[in-house]
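Subject: Structure for your files, with notes

Hello,

Here is the structure I said I would pass on. My notes on strands, sheets and aromatic residues follow below it.

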Amino acid sequence: METRMTTSPIRQGLSRRQALGLFAGLLAAAKASPALAQGAAGTPAVVLSAKVGSGLYEIVFSRTTGLVHVAAAGTRGNSENAGILALDPKTLAVRGTIDLSDEPAFGLGLNDRTGILYTTNTRSGSVSAIDLKSGKTLAKLAKGEKAHVRQVVADEEKNRAFVSVPGFRGEASAVWVIDGAKNEIVQVIEGLSEGISALTLDAANNRLFGASLATNEVVEIGLADGKVARRFPAGGESSINIAYQPRGNRLFVTNQKSGTLTVLDAASGSLVKSIETGAGALGVTLAPNGTVYVTNRGAGTVSLVDGAKLEVIASLATGTHPNTVAIDRETGTAYVSNKARMAPRGQPPVEDPNGDTVSIIRA
């Protein structure tokens with residue numbers, strides 16, 4: 001499939017009703033978060049939120065394009081407007097769209113050295129490699145029948161990518177290894193724990209860590225032999241995402257059911273601290289300054305955690321269901337994708353002024 005970069009047809013402006021709704025939502029968020037209301041110097045604050053596209057999922061910031069890119073999968077049963085939206089990093093105006101109406105993307109993984117964006121196409125069980133500058137799909141990769149692909153982690157140094165394929169209901173998980181130069185799946189690491197939903201790379205030691213949503217454990221995978229080196233408890237319930245911090249050799253794991261961020265010593269596997277962040281703790285992103293961003297899907301907030309003191313700095317209301325955070329590593333600006341409420345199957349979409357939005361956080 002060849003995608004095309006176009007001037008975005010998805011959103012040219014907000015209707016009066018939508019604008020009023022968004023304003024009301026931001027006002028409510030301001031009441032919930034002093035940082036948003038005050039925006040004092042040095043205080044973390046949500047400085048802008050904008051409604052873009054429909055069916056938002058993961059988000060990345062690209063140095064290659066200088067833009068924010070977010071996956072918009074469309075509404076349930078209707079992927080007519082599905083695509084990768086390119087947003088202005090200051091205004092969040094839509095600058096372009098890569099049309100994916102026939103193959104909606106959900107997860108995003110970016111190799112910014114090559115300018116290749118990897119997307120997980122969960123409905124078809126495939127991964128696409130897309131050139132961000134041209135908007136063209138270079139390859140569509142898959143193994144087996146409709147694998148439940150979830151997350152992509154790119155290794156820029158070695159031009160490879162790793163895809164989590166969580167197994168559920170007693171099935172083992174797998175990891176696909178993609179050669180970025182060949183655009184091929186060159187290895188499948190199998191026999192892993194059930195429910196490995198997320199991965200993080202320790203490039204210096206050539207290993208992956210995976211978080212298991214089903215068994216509430218962390219799995220260490222050696223990339224030299226493709227084997228499991230060890231397993232240890234994640235420290236919470238429904239461990240869904242994970243990030244490795246080389247400085248300090250620590251792992252940060254979000255636990256949805258617990259509503260916590262657990263900090264683990266990667267050397268010993270021991271629990272350093274469990275930090276309450278909010279209901280439905282979901283995404284975890286590490287900023288260059290050491291701040292850890294946690295999206296709390298149920299609470300509608302993003303928590304900023306001091307990665308050294310292991311204390312919550314602030315929890316900011318961003319939208320209905322905060323999903324993922326992307327960081328501009330030069331400016332430190334954070335971008336949040338906020339999912340919308342889902343209507344019951346067979347029902348029309350729910351009007352949600354605070355969903356399908358992107359928010360900017362400055363700390």
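Two strands are taken to pair if DSSP finds at least two bridges between them. Please keep in mind that this is a predicted model.

By that definition, strand β21 (residues 260–265) pairs with β22: five bridges join them, and they run antiparallel. One position to look at in this pair is Thr262, which stands opposite Ser274 in β22. Both strands belong to an open sheet of four strands, whose order is β19-β20-β21-β22 and whose pairing is antiparallel. At the edges of this sheet are β19 (239–245) and β22 (271–276); each has a single partner strand, so one side of each is left without a neighbour in the sheet. On average, and with direction ignored, neighbouring strands here are turned by 20° against each other.

There is an open sheet of four strands in the order β15-β16-β17-β18 as well, with antiparallel pairing. Its edges are held by β15 (196–202) and β18 (227–233), and because each has a single partner strand, one side of each lacks a neighbour in the sheet. For this sheet the average turn between neighbouring strands is 25°, again with direction ignored. Within the sheet, strand β16 (residues 207–212) and strand β17 (residues 217–222) run antiparallel and are joined by five bridges. Leu208 has Ile221 in β17 as its bridge partner.

Next, the hairpin. Strand β3 (residues 56–62) pairs with strand β4 (residues 67–72) in the antiparallel sense, over five bridges. Phe61 has Val68 in β4 as its bridge partner. Four residues lie between the two strands of this hairpin, and Gly66 in the turn has a positive phi of about 70°. How much of β3 is buried? Six of its seven residues are, so the strand is largely enclosed by the rest of the structure.

On to the aromatic residues. The structure holds three aromatic pairs, and I describe two of them here.

One is formed by Tyr57 and Phe106, which are edge-to-face, with 4.7 Å from centre to centre and 80° between the planes. Tyr57 lies in strand β3, while Phe106 lies in the loop between β6 (94–99) and β7 (107–111), so the pair ties together parts that are 49 residues apart in sequence. Is each partner buried or partly exposed? Buried means under 20% relative accessible area, and exposed means over 50%. Tyr57 has a relative accessible area of 26%, so it counts as partly exposed. Phe106 is buried, because its value is 12%.

Phe209 and Tyr244 form an aromatic pair that is stacked, at 5.9 Å centre to centre and with 25° between the planes. Phe209 lies in strand β16 and Tyr244 in strand β19, so this pair ties together parts that are 35 residues apart in sequence. Phe209 is buried, with a relative accessible area of 0%. Tyr244 is buried too, at 9%.

One last item concerns Tyr57 again. The charged end of Lys339 sits over the ring of Tyr57, 3.5 Å from the ring centre. Tyr57 is therefore a residue to find in the viewer for two reasons: the edge-to-face pair with Phe106 and the charge of Lys339 over its ring.

Regards

Note on methods: Residues numbered from 1 in each chain as written. Predicted model: local features only at pLDDT ≥ 70, side-chain atom pairs only at ≥ 80, totals over all residues. Heavy atoms only, no water. Axes fitted to C-alpha atoms, helices over the stretch in contact; angles between N-to-C directions. Buried < 20%, exposed > 50% of the residue type's maximum accessible area, 1.4 Å probe, protein only. Phe/Tyr/Trp six-rings, centres within 6.5 Å; stacked < 30°, edge-to-face > 60°. Lys NZ or Arg CZ within 6 Å of the ring centre and 35° of its normal.
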